Amino acid sequence: MEFLAPLLLVAGILGLNGFKIDREYQRGVIFRLGRYQDTKGPGLYWIIPLVDQKMQLDIRTKTVDIAPQETVTADNVTIKVNAVLYYRIIDPSKAINKVESYPAAVYQAAMTTLRNVVGQNHLDDVLQKRDKINQAVQQIVDEISEPWGIDIERVEMKDVEIPTGMQRAMAKEAEALREKRARLIKAAAEQEASLKLAEASRLIMENPAALELRRLQMLTEIGAENNTSTVIMLPSDILNLAQKLTEKKS
């Protein structure tokens with residue numbers, strides 16, 4: 001009887017030690033004598049002391065910064081790209097039992113996949129079609145990590161480092177394109193103006209009075225300005241009539 005009380009006390013302490021509490025974003029992977037038994041949580045639960053072993057996992061979304069990776073694009077341009085990857089654990093038992101270190105495994109898979117996918121695209125596609133590359137990387141890494149109980153939520157490329165010489169070449173190309181567009185716009189404007197002038201000349205030839213009306217309108221516009229002198233060009237018909245009258249008087 002003297003040893004019964006200490007034994008009961010030890011048993012009570014061990015029994016209380018078997019109670020575990022996990023938060024909403026935590027899960028407990030239970031091993032019994034070294035073999036996987038169950039996944040528990042969140043909330044309060046009990047495991048067998050000294051028999052069961054618990055490994056706790058956080059199932060919230062995690063971010064991984066992928067360091068800049070040097071790769072060669074499909075058009076033989078050496079660039080550096082980096083990205084950020086978002087993932088979460090959907091099966092804690094697989095994340096523990098199927099891979100030794102799931103954070104390192106996800107990082108390595110994302111790093112090599114990013115380098116391979118970028119290398120399959122031309123530089124223009126890498127710069128202009130990032131969404132397409134992001135989706136391709138996400139799909140491949142998700143297929144790789146699915147047996148580990150990992151879900152890849154999103155992949156985003158952040159920066160693309162281009163060699164200085166290539167940057168200058170791209171700047172010259174962009175400047176040439178802008179100059180080309182400016183010349184095309186100017187040529188189109190000149191063509192439109194010439195068509196308008198041709199139409200105006202045709203109307204004036206059909207109706208000579210329109211020319212005189214335009215001349216009078218121009219004189220009105222000139223007279224509205226504060227000019228010291230105004231030179232008026234008279235129509236040739238008026239000049240001829242004045243010359244004939246002068247000859248008759250003489």
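In this predicted model, Ser 145 is buried, its relative accessible area being 1%. Ser 145 belongs to helix α5. Leaving aside residues up to four places away in sequence, Ser 145 touches Ile 150 and Ile 152. Both numbers fall within the range of strand β8, which covers residues 150-161.

A second buried residue is Thr 113, with a relative accessibility of 5%. Because the limit for burial is under 20% relative accessible area, the value of 5% places Thr 113 in the buried class. Thr 113 is part of helix α3. Apart from residues up to four places away in sequence, the residues that Thr 113 touches are Val 137, Ile 140, Val 141 and Ile 144. These four are listed among the α5 residues that meet α3.

The two helices concerned are α3, spanning residues 102-119, and α5, spanning residues 130-145. Their axes come within 9 Å of each other and cross at roughly 140 degrees. The arrangement of α3 relative to α5 is therefore classed as oblique, since an angle has to be over 145 degrees to count as roughly antiparallel. The crossing of α3 with α5 is right-handed. On the α3 side, the contact is made by Ala 109, Ala 110, Thr 113, Leu 114, Val 117 and Val 118. On the α5 side, the contributing residues are Ile 133, Ala 136, Val 137, Ile 140, Val 141 and Ile 144. By class, the contact of α3 with α5 comprises 11 nonpolar residues, one polar residue and no charged residue.

Both helices also contact a sheet. The sheet is open and consists of three strands in the order β6-β7-β8, with antiparallel pairing. Strands β6 (62-72) and β8 (150-161) form the edges, each pairing on one side only. On average, and with direction ignored, neighbouring strands of this sheet are turned by 25 degrees against each other. Strand β7 covers residues 78-89 and runs antiparallel to β6, to which nine bridges join it. Within this part of the sheet, Glu 70 stands opposite Lys 80 of β7. Helix α3 lies across β6, β7 and β8 and runs at about 35 degrees to β6. Helix α5 lies across β7 and β8, with an angle of about 140 degrees to β8.

Several loop residues have notable backbone geometry. Asn 76 lies in the loop between β6 and β7. Phi of Asn 76 is near 65 degrees, a positive value in a residue other than glycine. With a relative accessible area of 67%, Asn 76 is exposed. Leu 33, in the loop between β2 (26-32) and β3, likewise has a positive phi, near 55 degrees, and is not a glycine. The relative accessibility of Leu 33 is 70%, so this residue counts as exposed. In the loop between β3 (35-40) and β4 (43-46) lies Pro 42. The peptide bond joining Gly 41 and Pro 42 is cis, with omega at about 0 degrees.

Over the whole protein, there are eight helices and eight strands. Of the 250 residues, 23% are buried. Among contacts with a separation of 6 or more, 62% are between residues 24 or more positions apart.

Methods:
Residues are numbered from 1 along each chain as its sequence is written. This is a predicted model: local features need pLDDT of at least 70, side-chain atom pairs count only at pLDDT 80 or more; totals for chains, interfaces and linings use all residues. Side-chain values use heavy atoms; hydrogens and water are left out. Axes are lines fitted to C-alpha atoms, for helices over the stretch in contact, and angles run from 0 to 180 degrees between N-to-C directions. Angles under 35 degrees count as roughly parallel, over 145 as roughly antiparallel, 65 to 115 as roughly perpendicular and the rest as oblique. A crossing is left-handed if the near helix is turned anticlockwise from the far one by less than a right angle, and right-handed if clockwise. Contact means heavy atoms within 4.5 Å. Ala, Val, Leu, Ile, Met, Phe, Trp, Tyr, Cys and Pro count as nonpolar, Asp, Glu, Lys and Arg as charged, and the others, Gly among them, as polar. Two strands pair if DSSP finds at least two bridges between them. Buried means under 20% relative accessible area, exposed over 50%, partly exposed in between (1.4 Å probe, protein chains only).
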